[in-house]
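Me: I have a structure open and want to go through it with you. Can we start with the salt bridges and see where that leads?

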Amino acid sequence: MQFLQRERAALETHLPGLDAALAAHPLERLESTPSPAIGAFRAAGGPGLLVPRALGGKGVSALEAVRVQRAVGARCPSLAVATTMHHFSVAGLVRSASPGAPEEQVLASIAADGLLLASAFAEGRAGQNILKPHITARRRGERVVLNGSKMPCSLSRSMDLLTASVLLADEDGVERLAVALVPAATPGIEVRPFWRNTVLAGAESEEVVLTEVEVDQEMVLVTEVTADAVPDDLNTAGFLWFELLLTAGYLGVASALVERALTKPGGPPQDPTGPLAEVEAAMLAVESVARAMADRLQPWDDGLLVAALMARYAAEDAIARTSRSCLAALGGMAFVGSTEGSYLASAAGALGFHPPARARMAGPLREYLDGRPLRIG
Ligand SMILES: Cc1cc2nc3c(=O)[nH]c(=O)nc-3n(C[C@H](O)[C@H](O)[C@H](O)COP(=O)(O)OP(=O)(O)OC[C@H]3O[C@@H](n4cnc5c(N)ncnc54)[C@H](O)[C@@H]3O)c2cc1C
């Protein structure tokens, strides 16, 4: 069948063997923890997907990356979520690395040694701004000391490196958002159970506690973001990658449901546009923003980030409607006979639980339309 061919071809080109390795396991096994999907991702060279070729990675474009994520989401929802966190952290390192900078060595190791990056921004408190972390960072000589807790943090049990947002009080007295890069084996890092849902359990989204964790100051990247929560260039780029990879992965999850409806035993729906049109259109919107990221004339500014957010919020609606119609098309006996359909529908719906939530962005988007800089709510 033609559906998902382009995405699976992209996955096979860049991460050979991963699709087959995932397809060899039942969905339930892939989605439980520990999941064999994470080892398969490493074995296929997944960690280096966005590392530049000059540093030993695959250096794929945003367009290819979103296609890969959709294909991954269609086989293993938890892996799509977990690797979104990895890839977006890698993209941030690529963006911030200058020639010869320590970030380049880290990127080269990620590609050569298959290192996995967890990305800890959330702190498990509803209503908290993702750009205003509570985790503290203070300077001690040439070192920076971190204290606090991050949850949920995907890949927490498999990570080699942790990227964490912290609030650094600097010499000028201003508190700035900074991103710390910490080897997972650093003393003071502890992983505690946090994720209680069986849905997306394979993503290992547990709590990571940091107690007097010391890092070199060159491993703490200070951004320009202060209390106003207006993202700087680095954060705007980070959110752009995040929203696109995330949306593509969750569209992949919904696509797994579409695929089941289109190949339903006993006869698929006569009119395929019902299950197809909305997810395909949503993916085209994601691809359109990904293509714009490769356009030299297109700045990675808040206008492009707003486009990415619109693609994501439209995908949330498309996923909700498509899931409902696919479950109906699959029918009651499929519902009774297997948890797969309801699992995929539930997992696909979790797109709405990632930052920035749509309701949070109502005010900031209104302000942006009225000519002010985009805040992340
Ligand atoms: C599968 C999965 C994996 C994850 N992995 C990671 C990870 O690896 N790293 C990480 O950092 N985070 C991760 N997260 C967490 C995620 O980043 C979010 O921070 C977290 O889910 C937000 O929780 P929340 O919806 O309760 O909070 P909020 O975003 O605060 O929202 C709570 C509710 O209040 C509403 N609301 C909040 N503020 C406003 C407002 N101003 N106006 C109107 N309504 C508002 C929201 O719409 C929502 O309904 C993951 C989440 C999921 C689902």
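Me: Which residue forms a salt bridge with glutamate 280?
Reply: Arginine 70 does, with the closest N and O atoms 2.7 Å apart. This is a predicted model, so the distance is a computed one.

Me: Where do glutamate 280 and arginine 70 lie?
Reply: Glutamate 280 is in helix H9 (residues 273-293) and arginine 70 is in helix H5 (residues 62-75), so the salt bridge ties together parts that are 210 residues apart in sequence.

Me: And is arginine 70 buried or exposed?
Reply: Arginine 70 is buried, at 1% relative accessibility. Glutamate 280 is at 30%, which counts as partly exposed.

Me: What does glutamate 278 meet in a salt bridge?
Reply: The side chain of arginine 321, at 2.8 Å from N to O. Glutamate 278 lies in helix H9 and arginine 321 in helix H10 (residues 302-330), so this pair links parts 43 residues apart in sequence.

Me: What is the relative accessibility of glutamate 278?
Reply: Glutamate 278 has 27%, so it counts as partly exposed. Arginine 321 is partly exposed too, with a relative accessible area of 40%.

Me: Which residue does aspartate 370 pair with?
Reply: Arginine 366; their side chains meet in a salt bridge at 3.1 Å, N to O. Aspartate 370 is partly exposed at 47% relative accessibility, and arginine 366 is partly exposed at 49%.

Me: Which residues do salt bridges with shared partners join into one network?
Reply: Arg6, Glu7, Glu64, Arg67, Arg70, Glu280, Glu287 and Arg291. The Glu280 and Arg70 pair from the start of this chat belongs to that network.

Me: How many salt bridges does the count come to?
Reply: The count comes to 25 salt bridges.

Me: Then the charges in general. How far apart are the mean positions of the positive and negative ones?
Reply: They are 5 Å apart, taken over 33 positive and 42 negative charges of the chain.

Me: Back to single residues. Where does arginine 8 lie?
Reply: Arginine 8 lies in helix H1 (residues 5-14). With a relative accessible area of 15%, arginine 8 is buried, since buried means under 20%.

Me: What is arginine 8 in contact with, leaving aside neighbours within four places in sequence?
Reply: Asp19, Ala71, Ala74, Arg75 and Glu259.

Me: Changing topic to the backbone. Which residues does a cis peptide bond with omega of about 0 degrees join?
Reply: Threonine 33 and proline 34. Proline 34 sits in the loop between helix H3 (27-30) and helix H4 (36-43).
Reply: A cis peptide bond also joins proline 355 and proline 356, with omega of about -10 degrees. Proline 356 is in the loop between helix H12 (340-348) and helix H13 (362-369).

Me: What about phi at leucine 155?
Reply: Leucine 155 has a positive phi, about 70 degrees, although it is not a glycine. Its place is the loop between strand E3 (143-153) and strand E4 (161-169), and at 2% relative accessibility leucine 155 counts as buried.

Me: And what is phi at glutamate 204?
Reply: Glutamate 204 has a positive phi of about 55 degrees, and it is not a glycine either. Glutamate 204 is in the loop between strand E6 (189-192) and strand E7 (206-216). Its relative accessibility is 4%, so glutamate 204 is buried.

Me: Zooming out, how many helices and strands does the chain have?
Reply: There are 13 helices and eight strands. The radius of gyration is 20 Å, close to the 21 Å that the globule rule gives for 377 residues, so the chain is as compact as a globular protein of that length.

Me: What box do the C-alpha atoms fill?
Reply: Roughly 70 × 45 × 40 Å, taken along the principal axes.

Me: How much of the chain is buried?
Reply: Buried residues make up 53% of the 377 residues. The accessible surface comes to about 15,700 Å², and carbon and sulfur atoms hold 56% of that.

Me: Last one: of the contacts with a separation of 6 or more, what share comes from residues 24 or more positions apart?
Reply: Those residues account for 75% of them.

Definitions and conventions
Residues numbered from 1 in each chain as written. Predicted model: local features only at pLDDT ≥ 70, side-chain atom pairs only at ≥ 80, totals over all residues. Heavy atoms only, no water. Helix = DSSP H or I, 4+ residues; strand = E, 2+ residues; numbered from the N terminus. Rg over C-alpha atoms; globule rule 2.2 N^0.38 Å. Buried < 20%, exposed > 50% of the residue type's maximum accessible area, 1.4 Å probe, protein only. Contact = heavy atoms within 4.5 Å. Areas by Shrake-Rupley, 256 points an atom, 1.4 Å probe, with all protein chains shown as cover. Lys, Arg positive; Asp, Glu negative; His and termini not counted. Charge placed at Lys NZ, Arg CZ, Asp CG, Glu CD. Salt bridge = Lys/Arg side-chain N within 4 Å of Asp/Glu carboxyl O.
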